[in-house]
Amino acid sequence: MIQWIETAEDEFSNVSKEKPLVLQANMSNIMVIVGKVTSIYTLSAFAFNEYVPWTSNKSHNGVNIVAQSGTSWYNSYVFQFWFGMFCSISFAALTPIAFMKIKEGTFGLDVKTGQPAKFPHKQFFLSKIITTIGGSLFIPTMKAFIETFVCNHSINPWVMYYDHSIECLSGTHILYMICLLYTSP
């Protein structure tokens, strides 16, 4: 196995010396770049937030400000939860199809030509959606799902830590938890 890896590395080195690496502006590369930017943004939102306890001790009325929902609609807990649900259900519905195509050896390929599928082929969309949801959107989706189970017990009545408008164990909160239990693996 190690010999095979060394041989493959040598072949790659020889090919890369002969032909320079050229970054093409195709859909696959754009999706990878967008995915990396999304991941960096998501992780930076935690790491560099001035209200996160490990970077400062700022708080507002005894409640950590990082716990409050964002001001824009796409930064709100409710949007992130339902977007995560959409991604989770889509991934669950498309994964069996992708597994079947992988088993056949045709995942992402145009069967007629044997070449990678191009826009607007079904295989093109299948491979891009599975890659995006399974890779780039995994962290934001899991973050929204985990936040569902976090309550702030320092406020009476207890409220969700990331959305103070939702009371813990209220009808809405229980609906969110039930949705997660039925859609999570």
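Colleague: I'm new to this one, so let's start small. Which residues is Cys168 in contact with, once its neighbours within four places in sequence are left aside?

Modeller: Cys168 touches Cys151, Trp158, Val159, Met160 and His173. Keep in mind that this is a predicted model.

Colleague: Some of those names may come up again. Which residues form the largest nonpolar core?

Modeller: That core has 11 residues, and Cys168 is one of them. Cys151 and Met160 belong to it too, along with Tyr77, Phe81, Met85, Phe145, Ile166, Tyr176, Cys179 and Leu180.

Colleague: Which elements give two or more residues to this core?

Modeller: Those are H3 and helix H6, which covers 171-183.

Colleague: Let's stay with H3, then. How do I read the way H3 packs on H5?

Modeller: Look at the angle and the distance between the axes. Helix H3 spans residues 77-104 and helix H5 spans residues 138-147; they pack at about 120°, with axes 8 Å apart. An angle between 115 and 145 degrees is neither roughly perpendicular nor roughly antiparallel, and H3 and H5 are therefore oblique to each other.

Colleague: Is the crossing of H3 and H5 left-handed or right-handed?

Modeller: Left-handed, as H3 passes H5. On the H3 side, the contact uses Tyr77, Gln80, Phe81, Gly84, Met85, Cys87 and Ser88. H5 brings Thr141, Lys143, Ala144, Phe145 and Glu147. Sorted by class, that contact has six nonpolar, four polar and two charged residues.

Colleague: Glu147 catches my eye there. Is Glu147 buried or exposed?

Modeller: To judge that, check the relative accessible area: under 20% counts as buried. Glu147, which lies in helix H5, has a value of 5%, so Glu147 is buried.

Colleague: What is Glu147 in contact with, leaving aside its neighbours within four places in sequence?

Modeller: Tyr77, Gln80, Met160 and Tyr162. You've already met Tyr77 and Met160 as members of the largest nonpolar core.

Colleague: Now for another partner of H3. How do H3 and H4 cross?

Modeller: Read this pair like the last one. Helix H4 runs over residues 122-136, and its axis comes within 10 Å of the H3 axis, at roughly 125°. That angle makes H3 oblique to H4, and H3 passes H4 in a left-handed crossing.

Colleague: Which residues make that contact?

Modeller: From H3 you get Cys87, Ser90, Phe91, Leu94, Thr95, Ile97, Ala98 and Lys101. H4 supplies Gln123, Leu126, Ile129, Ile130, Ile133 and Gly134. The classes here are nine nonpolar, four polar and one charged.

Key
Residues are numbered from 1 along each chain as its sequence is written. This is a predicted model: local features need pLDDT of at least 70, side-chain atom pairs count only at pLDDT 80 or more; totals for chains, interfaces and linings use all residues. Side-chain values use heavy atoms; hydrogens and water are left out. Axes are lines fitted to C-alpha atoms, for helices over the stretch in contact, and angles run from 0 to 180 degrees between N-to-C directions. Helices (H or I, at least four residues) and strands (E, at least two) are DSSP runs, numbered from the N terminus. Angles under 35 degrees count as roughly parallel, over 145 as roughly antiparallel, 65 to 115 as roughly perpendicular and the rest as oblique. A crossing is left-handed if the near helix is turned anticlockwise from the far one by less than a right angle, and right-handed if clockwise. Contact means heavy atoms within 4.5 Å. Ala, Val, Leu, Ile, Met, Phe, Trp, Tyr, Cys and Pro count as nonpolar, Asp, Glu, Lys and Arg as charged, and the others, Gly among them, as polar. Buried means under 20% relative accessible area, exposed over 50%, partly exposed in between (1.4 Å probe, protein chains only). A nonpolar core is a set of buried Ala, Val, Leu, Ile, Met, Phe, Trp, Tyr and Cys residues joined through side-chain atoms within 4.5 Å.
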